[in-house]
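Let's take a walk through this structure together, one neighbourhood at a time. Have the sequence and the 3D view open side by side, and follow along at your own pace.

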Amino acid sequence: MENHSYQFSDYDRNRNSLPASYLPQTAPEFEDSGSSWNFRDFIGLIRRRTLIIAGVSTVVMLTSVINMKLNQKQPEYESSFQILVEPVNDDSKVLDVVKETNSSNNSTLDYDSQIQVLKSPELMSSLVQQLQVAYPELSYDNLMTALQINRLGETKIIEVKYRSTDPKKIKVVLDKISREYVDYSRERRQTKLRQGIQFVEKQLPFLQYRVDQIQRELQIFRLNYKFNDPEAEAKQIDDQIAKLAEQRQTIDMQLGEARSKFDIFKGQDGVTSILNNTNAVLYQQILAQIRQLDAQIVQESTRLQEDNPAIQSLKDKRNSLLPLLQNEAQRFMDAKLSEITTQVQTLEVQGQEIDKTIQKLEQKRKRLPALARQYNALQRKLQITTDSLNRFLSTRETLQIQVSQTELGWQLLNKPIQPEQPVTISNIKQSLLMALATSLAAGIGVAFLIDKVDNTFHGANELKDKLKLPLLGNIPFEKQLHISPSPSSEGNIPLIRIPDFPPDSIPGLAVIPDQDYSNHSVKFLEALRVLYTNIQLLSCDRPMRSITISSAMSGDGKSTVAFHLAQIATAMGQRVLLIDANLRQPVIHNLSHLNNLWGLSNLISTNLPPGEVIRKFPSMSQLSVITAGPIPPDPTKLLSSEKMKRLMEDFHNTFDLVIYDTPPVLGLADASLLAPNTDGILLVVRIDKTDSSKVQQTLDNLKISPMNLLGIVGNGQNSNLND
């Protein structure tokens with residue numbers, strides 16, 4: 001049979017009449033399916049990973065329940081008291097003097113700072129020591145964790161709250177704190193203010209000295225580098241460089257002209273042109289006299305002989321003028337060359353001076369960023385130091401005003417009471433619901449991560465969407481399918497020499513034992529019928545006569561699909577020949593419960609008649625099988641032989657349908673040798689097993705092979721998970 005191109009001509013003529021889902025296509029690249037994630041995919045994920053979700057959720061739930069049991073919280077109580085820290089009516093005349101008219105009603109107390117002072121260890125240390133007499137477990141950190149001090153809105157009231165599991169302890173602690181705060185306001189506040197003033201006054205001379213020192217450094221920097229503004233300095237340097245560059249360009253033009261003149265003067269033609277076209281007066285006069293004598297000599301020659309004294313006298317005069325003419329020409333040219341040479345030297349010196357000036361300016365510009373950084377650093381230091389000085393001066397003024405005011409003690413508005421009702425109760429139901437939600441989220445998250453890492457196809461729809469190839473069949477998972485070696489099988493031992501003819505004593509060589517296939521499920525058989533029907537629909541002009549069945553990897557179930565597809569085709573009235581062309585790891589003889597002593601390898605390598613290795617089913621007289629036979633040392637050599645091509649052509653002419661079970665495409669050339677001589681290749685992909693990257697490599701290999709890719713078959717689909 002002749003090699004077919006990638007698409008058959010009769011197939012191309014009829015592809016427009018086929019459904020879009022069954023049209024063979026070239027192997028495409030994978031497309032990103034992330035955007036097609038929908039609720040159906042989510043449900044499929046939940047079904048596929050039910051055990052993982054259940055396991056992770058159970059572990060997380062049990063952990064949460066044990067944690068709640070071990071860390072069950074006791075009911076907590078809370079009480080509080082409030083203190084008025086500023087007088088409601090401000091009667092301080094001293095404060096009125098320094099207040100602005102538009103801020104007379106604003107508070108003068110920094111509440112955030114005051115609250116931090118009330119929480120400070122210095123203020124609370126003595127109080128903690130007193131409380132530790134009754135409650136030894138109480139420490140400063142424990143107290144601060146349960147204590148809350150806040151300002152009530154924009155009022156002048158501070159509220160102090162304390163929370164604990166012991167109501168009596170709350171009353172004792174709050175009583176101690178309220179008395180401590182009132183004592184602090186009466187006895188210590190004035191002292192704190194005066195200490196603050198003393199600290200500020202100690203720091204002011206140092207800050208003032210720092211400001212003066214930095215100002216001096218900035219002034220010295222400006223004087224040393226004549227540096228005021230970095231941007232203005234950079235612009236000035238750029239302008240100077242631009243002007244010098246223009247001057248340099250002008251000098252270069254003048255220098256070029258001068259050198260051009262110099263080159264002209266050095267040439268003979270240039271000398272003549274310059275002497276004739278310039279103001280060489282004496283040279284022109286002598287030249288005019290010589291020309292006049294030449295004219296007289298010519299005139300006298302017309303009437304006198306050549307040796308006439310008059311003519312000789314004129315020639316003598318002319319000859320006497322020639323040296324004068326040459327001397328004058330030489331003198332004039334020397335003067336001109338000297339003038340041009342001086343001009344060239346002058347222009348070169350000017351250009352060198354400009355280059356030096358530009359170089360100095362470039363160096364200065366390179367130093368400018370470093371000087372600018374120093375200048376800006378000094379300015380920042382001056383700004384920071386000045387701001388610090390101003391803040392200290394403002395703080396001193398504020399503290400002096402506060403000290404000068406009439407001090408009023410803080411007023412306790414409501415005393416702390418012992419709480420009776422808890423504020424927090426452990427909600428077991430809510431905790432369990434949260435634990436349940438967390439466990440489910442964790443289980444689904446783990447399942448999602450595992451599903452992302454899993455690089456396989458999880459269903460027929462995903463297989464069709466990602467590969468963008470015709471999905472000709474979707475074979476469900478069948479528990480009854482298993483491979484068990486036949487007692488008559490002798491194993492797959494590589495041959496050194498393949499015998500020419502089988503011995504007559506081998507039983508069961510030409511007839512396949514009767515088998516019972518009634519135990520297969522209806523879905524499995526119906527899926528095979530759909531696969532066979534879709535294959536036949538691929539061509540309308542002529543039926544499919546030969547099919548190569550392969551896969552990307554071993555273990556995808558291609559042999560099982562080929563074996564049962566042959567039976568379905570036979571049941572539909574076709575004369576079918578199933579050939580095990582997997583000469584590396586044959587499987588068909590195990591599925592058929594046959595021995596594998598004689599088969600395709602014998603048929604190719606010897607002159608054995610085909611009828612000697614073709615075996616028939618007793619219950620299916622139209623179904624014939626050729627097993628692989630002994631494994632040869634070089635299967636590729638046998639499958640690529642002319643003998644194999646002739647056998648394939650004979651099989652195609654003899655049977656209605658010939659099915660070839662071949663090794664995986666990836667990494668082996670066996671399927672690529674047989675498929676071009678058939679009507680096309682069928683690629684089997686195992687659901688939840690075949691690596692999608694391997695499938696992509698297989699499709700890439702098929703792109704460059706002269707074969708017709710009919711479509712793909714999903715195998716091992718779990719119908720319970722992907723309905």
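Start at N150, whose bridge partner in β3 is E159. What you have in view is a predicted model. The pair N150 and E159 belongs to a longer zipper: β2 and strand β3, residues 157-164, run antiparallel and are joined by 5 bridges.

Now widen the view to the sheet around this pair. Its 4 strands are arranged in the order β2-β3-β1-β4, with antiparallel pairing, and the sheet is open. Who stands at the edges? Those places go to β2 (147-151) and β4 (411-414); each has a single partner strand, so one side of each lacks a neighbour in the sheet. Going from one strand to the next, the twist averages 25 degrees.

The sheet also has a helix packed on it. Helix α5 touches β2 and β3, and the direction of α5 makes about 160 degrees with that of β2.

Follow α5 (residues 111-119) onward and you meet another packing partner, helix α6 (residues 121-131). The axes of α5 and α6 are 5 Å apart, and the two helices pack at an angle of about 35 degrees. On the α5 side, the contact is made by V117, L118 and K119, while α6 contributes P121, L123 and M124. Sorted by class, this contact of α5 with α6 has 5 nonpolar residues, 1 charged residue and no polar ones.

Next, please jump along the chain to strand β6 (residues 546-551), where T548 is found. Is T548 buried or exposed? Its relative accessibility is 0%, and because buried means under 20%, T548 counts as buried. Look at what surrounds T548: leaving aside residues up to four places away in sequence, T548 touches Y660, T662, L674, A675, T678, G680, I681 and L682. One of these neighbours deserves a second look, since the side chain of T678 makes a polar contact with the side chain of T548, at 3.1 Å.

Our last stop is helix α16, which covers residues 558-571. From the first C-alpha to the last, the 14 residues of α16 reach 20 Å, close to the 20 Å expected at 1.5 Å a residue. How many residues of α16 are buried? The count is 13 of 14, and the helix is mostly covered. Just after α16 comes G573, which takes a positive phi of about 95 degrees.

Conventions. Residues numbered from 1 in each chain as written. Predicted model: local features only at pLDDT ≥ 70, side-chain atom pairs only at ≥ 80, totals over all residues. Heavy atoms only, no water. Axes fitted to C-alpha atoms, helices over the stretch in contact; angles between N-to-C directions. Contact = heavy atoms within 4.5 Å. Nonpolar A, V, L, I, M, F, W, Y, C, P; charged D, E, K, R; others polar. Buried < 20%, exposed > 50% of the residue type's maximum accessible area, 1.4 Å probe, protein only. Polar contact = N/O pair within 3.5 Å; in protein donor to acceptor, adjacent residues only side chain to side chain. Pairing = 2+ DSSP bridges. Expected span 1.5 Å × (residues − 1).
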